[in-house]
Amino acid sequence: MKVVLFCGGYGMRMRSGAADDVPKPMAMVGPRPLIWHVMRYYAHFGHTEFILCLGYGAHHIKDFFLNYEETTSNDFVLRGGRTELLSTDIADWTITFAQTGIESPIGERLRRVRHHLDGDEMFLANYADVLTDAPLPEMIDRFARRDAGASMMVVPPQSSFHCVDLGEDGLVGGITAVSELPLWENGGYFVLRQEVFDHIPEGGDLVADGCAQLAKRGRLVAHQHRGFWKPTDTVKERAALDDAYARGDRPWAVWERDGAGVTA
């Protein structure tokens, strides 16, 4: 199944300075950028056809793959001055690099790569900056059995703040952690059918337009995931993932857990 990755945003909260033009999916976690970790996740489950929706900082993403060095994340033997890889990451990947505009919303980026999907009934989509250990085959199978236009992975709220229940005269009736509320957040992992395009107008958004319209029609389903899920919206969040990688705490690296691993 093809995987559409949205990797053209500015990622302003991840920027470290005015001269930093690296798009968020290229922020490093261990020896590889975020987008690589996301792609390895999909490839582990057999989905190796990728469509990259490029925009801001596209040259960084292109240069990374055009000059990809397998020895960074694979064991190898150096024999007679030649490198013999013992495993490989991307040799069986097909990657389409599609410029989808600097300012385009995500829905518009998806519209602009529709022709690369070859009319496939179902396909996958992702923000390319969130890591998870979610069971992708289960997510796909559950959606395939449903009569729906889209599936969105949802996760419990990640905020550490508390909500306050106010009564009359400003009296507090209760305090509840946001994470304990019966709410779910968009987790950024989608399984979509072509039907979603019927609800994304020119310049529209995937969630606010496409998914919202499908929800009104009873055509959007959710896959609830309570396991590992970490966004990288800020420098602090990216640094936490990088530190976890260094400690060997990598629950998102399902390819390592299942014995098909990458060494670093």
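**Stop 1: strand β1 and its neighbours**

Start by selecting strand β1, residues 2–7, and strand β4, residues 49–54: the two run parallel and are joined by 6 bridges. Keep in mind as you click around that this is a predicted model. To see one of the pairings, pick C7, which stands opposite L54 in β4.

Now add β8 to the selection. β1 pairs with β8 too, again in the parallel sense, over 3 bridges. Here the residue to click is L5, which sits opposite N126 in β8.

How many of the 6 residues of β1 are buried? The count is 6 of 6, so call this strand mostly covered. Turn on the side chains and you can sort them by direction: K2, V4 and F6 point one way, while V3, L5 and C7 point the other way. Both sets are buried.

**Stop 2: C7 and the cysteines**

Stay on C7 for a moment. With a relative accessibility of 1%, C7 is buried. Select C53 as well, since it holds the cysteine sulfur closest to that of C7. Why is there no bond between them? The two sulfurs are 6.6 Å apart, which is too far. Searching the whole structure turns up 0 disulfides. Another cysteine to click is C163, which is partly exposed at 34% relative accessibility.

**Stop 3: from K2 across to D118**

Go back to β1 and select K2, then D118. Side chains of opposite charge can pair when their charged atoms come close. K2 and D118 do this, forming a salt bridge with an N to O distance of 3.6 Å. K2 is in strand β1 and D118 is in the loop between α3 and β8, so this pair ties together parts 116 residues apart in sequence. Buried or exposed: which word fits K2, and which fits D118? K2 counts as buried at 11% relative accessibility, whereas D118 is exposed at 59%.

Look at the backbone of D118 while you're there. Most residues other than glycine have a negative phi. D118 is not a glycine, yet its phi is positive, at about 55°. To find its loop, look between α3 (106–112) and β8 (122–126).

**Stop 4: more salt bridges**

How many salt bridges does a search of the whole structure find? It finds 16. Try selecting E84 and R79, whose side chains meet in one of them at 2.8 Å, N to O. E84 is partly exposed, at 34% relative accessible area, and R79 is also partly exposed, at 49%.

Next, select R219 and D147, another salt-bridge pair, with their closest N and O atoms 2.8 Å apart. R219 belongs to the loop between α5 (206–216) and β14 (220–224), and D147 to the loop between α4 (136–144) and β10 (150–155), so the pair links parts 72 residues apart in sequence. R219 is buried at 18% relative accessible area, but D147 is exposed at 63%. Finish this stop by highlighting K2, E49, D118 and D120 together: salt bridges with shared partners join them into one network.

**Stop 5: P33 and helix α1**

Click P33, in strand β3 (residues 32–33). P33 is buried, at 1% relative accessibility. Leaving out residues up to four places away in sequence, P33 touches P25, M26, A27, M28 and F64. If you measure from P33 to F64, C-alpha to C-alpha, you should get 9.2 Å, for two residues 31 apart in sequence.

Then move on to helix α1, residues 34–44, where 10 of the 11 residues are buried. Among those buried residues are W36, H37, R40 and Y41. Just after the helix, select G46, which has a positive phi of about 95°.

**Stop 6: a nonpolar patch on the surface**

Switch to a surface view and colour V164, L166, V172 and I175. Together they make a nonpolar patch with about 400 Å² of accessible area. Strands β11 (162–166) and β12 (172–177) each give two or more residues to the patch. V172, in strand β12, is partly exposed at 48% relative accessible area.

Last click: D169, in the loop between β11 and β12. Its phi is positive, near 60°, though it is a residue other than glycine. D169 is exposed, with a relative accessible area of 79%.

Conventions
Residues are numbered from 1 along each chain as its sequence is written. This is a predicted model: local features need pLDDT of at least 70, side-chain atom pairs count only at pLDDT 80 or more; totals for chains, interfaces and linings use all residues. Side-chain values use heavy atoms; hydrogens and water are left out. Buried means under 20% relative accessible area, exposed over 50%, partly exposed in between (1.4 Å probe, protein chains only). Helices (H or I, at least four residues) and strands (E, at least two) are DSSP runs, numbered from the N terminus. Patches are made of residues with over 30% relative accessible area and no salt bridge: like charges are joined within 9 Å, nonpolar side chains (Val, Leu, Ile, Met, Phe, Trp, Tyr) within 5 Å. Accessible areas come from the Shrake-Rupley method with a 1.4 Å probe; for residues, only the protein chains shown count as cover. A salt bridge is a side-chain nitrogen of Lys or Arg within 4 Å of a carboxyl oxygen of Asp or Glu. A disulfide is a pair of cysteine sulfur atoms within 2.5 Å. Two strands pair if DSSP finds at least two bridges between them. Contact means heavy atoms within 4.5 Å.
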